[in-house]
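Visitor: I am new to this structure and would like a close look at one part of it, with enough of the surroundings to place that part. Could you take me through it slowly?

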Amino acid sequence: MRSEVLVMMGGGRRSPKPSEDMVGSGWLYHVHDLSLKTLRDREHAVRSTLPHDPRTWSREDVHRWLHHVSEAHQLPRVFPERFLMNGKALCLMTLDMFVQRVPLGGKLLYKDFQLRLCNAMYA
């Protein structure tokens, strides 16, 4: 996964589709702010700091996981105050409960948590 930012040089107006002249003359360039390696490094760092089994997570672990997933998937800011619970409490939450707390990204958080839970239980 790679996210790109289009940057205009020379104070020009950004057009929806850059022309060949703009790209060739240096008016437009791409900034790759997240490479696949960076995401893998972040995932490894989170996995090494979080317990493997989400059922054993503390509140701090839950907040660390929320921060990691929201950054990795470029979600809008997830407020940790909406998740004042440990891992066992997260296990009891339904998809609707995640979506109520985080309308833009609740489904992704739910799926990520369920995958981690399944990996802990059946791996």
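Guide: What follows looks at helix 3, after a short view of the whole protein. The model is a predicted one, and the mean pLDDT of the protein is 78, with 61% of its residues reaching 70 or more. Over residues 1-16, however, the pLDDT is below 50, although this stretch has 41 contacts in the model beyond near neighbours in sequence. Residues 25-34 also have a pLDDT below 50, and there the model holds 35 contacts beyond near neighbours in sequence.

The protein has 6 helices and 2 strands, and along the sequence these follow the pattern β-α-β-α-α-α-α-α. Of its 123 residues, 28% count as buried, and among contacts between residues at least 6 apart in sequence, 57% join residues at least 24 apart.

Now to the helix itself. Helix 3 covers residues 59-72, and because each of its 14 residues is taken at 1.5 Å, a span of 20 Å is expected, which agrees with the 20 Å between its end C-alpha atoms. As for its setting, the buried residues in helix 3 are Asp61, Val62, Trp65, Leu66, His68, Val69, Ser70 and Ala72. In reading such a list it helps to know that an α-helix has 3.6 residues a turn, so residues three or four places apart point the same way. After helix 3 comes glutamine 74, and its phi is positive, near 55°.

Technical notes: Residues are numbered from 1 along each chain as its sequence is written. This is a predicted model: local features need pLDDT of at least 70, side-chain atom pairs count only at pLDDT 80 or more; totals for chains, interfaces and linings use all residues. Side-chain values use heavy atoms; hydrogens and water are left out. Helices (H or I, at least four residues) and strands (E, at least two) are DSSP runs, numbered from the N terminus. The expected span of a helix is 1.5 Å times one less than its number of residues. Buried means under 20% relative accessible area, exposed over 50%, partly exposed in between (1.4 Å probe, protein chains only). pLDDT is the predictor's confidence in each residue, from 0 to 100. Contact means heavy atoms within 4.5 Å.
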